[in-house]
Amino acid sequence: MKIAFVGKGGSGKTTLSSLFIRHLAATGAPVAAVDADINQHLGPALGLDEAEAAALPALGERLPLIKEYLRGTNPRIASAAEMIKTTPPGEGSRLLRVREDNPVYDACARPVELDGDVVRLMVTGPFTDADLGVACYHSKTGAVELCLNHLVDGPGEYVVVDMTAGSDSFASGMFTRFDITFLVAEPTRKGVSVYRQYKEYARDFGVVLKVVGNKVQGQDDLDFLRAEVGDDLLVTVGHSDWVRALEKGRPPRFALLEDVNRRALQRLRTATDATYDLRDGQRYTRQMVHFHLKNAQAWGNERTGADLAAQIDPSFVLGESAVAAV
């Protein structure tokens, strides 16, 4: 199952995604965690110190390796250099699985121990001096999108992605790659404005969007969120002494998390698991091709001035058998 955590900056999405990762791992479920936020805070939220977090290998710096592995023997991709962030798999491409070992995980993932449980953690990596002024952050998250496009996952397997803040996720088609998206919203006008914007952008793409109310302190906050987001409000989370200790760098054992917050995390898992039967492979593939052709057009226009995407048959992207399935 593929899960995204989104929300405005400071809403608590990284904290909640890290709690959800811990919750899943504590049940013995296989979990891959991905920090795709421009602010790389997921590692520390999972208990790494600054040196350990800084030493994590960056997906963005290993993009050539990722492309070379994923393209496999696909005859429609002559070289890794021809792959862009939206390139879908085709005949001969290699796929990724949550539980396996492969060269991508060997190079880009590191095990993180959580009270005896272990998750795989991957990070896009921070801006480098060479990036400043010349690169956008989507040059980093493109590696995540490629991996998601080539990922095969089943029930009981989880890939949790801490996304960029606000509606920046819509700068690519990555927002369509998830079974469920949890939008973390504070009970404020700014908090719910991100929800409205996200819901509007995602409206025509079949995105399953649920709101997690954070920093809820009383009935008035709860009533406000219910009035603003309606049935999309899944659960709320209030103050946590456990989280406060985590933020000070002294997290207790996860088993000591407050019962009310543990129940909230279970609500998230129940909602996630319920989306498996809603999967629509044809729509998923169709969206993949849609965004790849849009990116191919932008890529081609930039280099040649020609409307290349308009000349591309989807069967050339995926292969005849894949298009027949769409």
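**Questions on a predicted model**

Biologist: How many of the 5 residues of strand 10 (residues 233-237) are buried?
Modeller: In this predicted model, strand 10 is largely enclosed by the rest of the structure. That reading follows because, with a residue counted as buried when its relative accessible area is under 20%, the number of buried residues among the 5 in strand 10 comes to 4.

Biologist: In which sense do strand 9 (residues 209-214) and strand 10 run, and which residue of strand 10 stands opposite Gly213?
Modeller: Strand 9 and strand 10 are joined by 4 bridges, and the two strands run parallel. Within this pairing, the residue of strand 10 that stands opposite Gly213 is Thr236.

Biologist: How many residues does the chain have, and what percentage of them is buried?
Modeller: The chain is built from 13 helices and 10 strands, and among its contacts between residues at least 6 apart in sequence, 72% join residues at least 24 apart. Taken over the chain's 326 residues, the buried part makes up 52%.

Biologist: Which residues have the most contacts inside the largest nonpolar core?
Modeller: The largest nonpolar core has 48 residues, and apart from it lies another core, of 39 residues, which includes Ile3, Leu46, Val235 and Leu265. Inside the largest one, the residues with the most contacts are Leu59, Ile66, Leu96, Val159 and Leu183.

Biologist: Which residues does Leu183 touch, not counting residues up to four places away in sequence?
Modeller: Leu183 is one of the residues with the most contacts inside the largest nonpolar core. Once residues up to four places away in sequence are set aside, those touched by Leu183 are Val6, Gly7, Val194, Tyr195, Tyr198, Leu209, Lys210, Val211 and Val212.

Biologist: Is Val161 buried or exposed, and how far in space is it from Asp37, C-alpha to C-alpha?
Modeller: Val161 lies in strand 7 (residues 158-162), and it counts as buried because its relative accessibility is 1%. Leaving aside neighbours within four places in sequence, Val161 is in contact with Ile3, Ala4, Phe5, Val34, Ala36 and Phe178. Val161 and Asp37 are 124 residues apart in sequence, while in space their C-alpha to C-alpha distance is 8.8 Å.

Biologist: Is His23 buried or exposed?
Modeller: His23 has its place in helix 1 (residues 13-26), and, not counting residues up to four places away in sequence, it touches Phe254, Arg262, Leu265, Gln266 and Arg269. Because the relative accessibility of His23 is 7%, and the limit is under 20%, His23 counts as buried.

Biologist: Which residues of helix 4 (residues 63-71) are buried, and which residue follows helix 4?
Modeller: The buried residues of helix 4 are Leu63, Ile66, Lys67, Tyr69, Leu70 and Arg71. Helix 4 is followed by a residue whose phi is positive, near 55 degrees, and that residue is Gly72.

Biologist: Where in the hairpin of strand 4 and strand 5 does a positive phi occur?
Modeller: Strand 4 (residues 110-114) and strand 5 (residues 117-123) pair in the antiparallel sense over 5 bridges, and in this pairing the bridge partner of Glu113 is Val118 of strand 5. The hairpin leaves 2 residues between the strands, and the residue in the turn with a positive phi, of about 50 degrees, is Asp115.

Biologist: How do the residues of the lining of the largest cavity divide into nonpolar, polar and charged?
Modeller: The structure holds 3 cavities of 30 Å³ or more, and the largest cavity has a volume of about 100 Å³. Its lining residues include Ala32, Val34, Leu59, Leu96 and Val159, while the largest share of the lining, 3 residues, comes from helix 6. By class, the lining divides into 11 nonpolar, no polar and no charged.

Biologist: By class, which residues make up the lining of the largest pocket?
Modeller: The largest pocket has a volume of about 640 Å³, and of the 31 residues that line it, Asp280, Gly281, Tyr284, Thr285 and Met288 lie nearest its centre. Strand 6 (151-152), helix 11 (281-304) and helix 13 (320-325) are the elements that give two or more residues to this lining, and the largest share, 6 residues, comes from helix 11. By class, the lining of the largest pocket has 15 nonpolar, 9 polar and 7 charged residues.

Conventions. Residues numbered from 1 in each chain as written. Predicted model: local features only at pLDDT ≥ 70, side-chain atom pairs only at ≥ 80, totals over all residues. Heavy atoms only, no water. Core = buried A, V, L, I, M, F, W, Y, C linked by side-chain atoms within 4.5 Å. Buried < 20%, exposed > 50% of the residue type's maximum accessible area, 1.4 Å probe, protein only. Contact = heavy atoms within 4.5 Å. 1 Å grid on protein atoms, 1.4 Å probe; cavity = no way out; pocket = protein on both sides within 12 Å on 5 of 7 lines; lining within 4 Å. Points joined across faces, edges and corners; volume = space filled by probe spheres on them. Nonpolar A, V, L, I, M, F, W, Y, C, P; charged D, E, K, R; others polar. Pairing = 2+ DSSP bridges.
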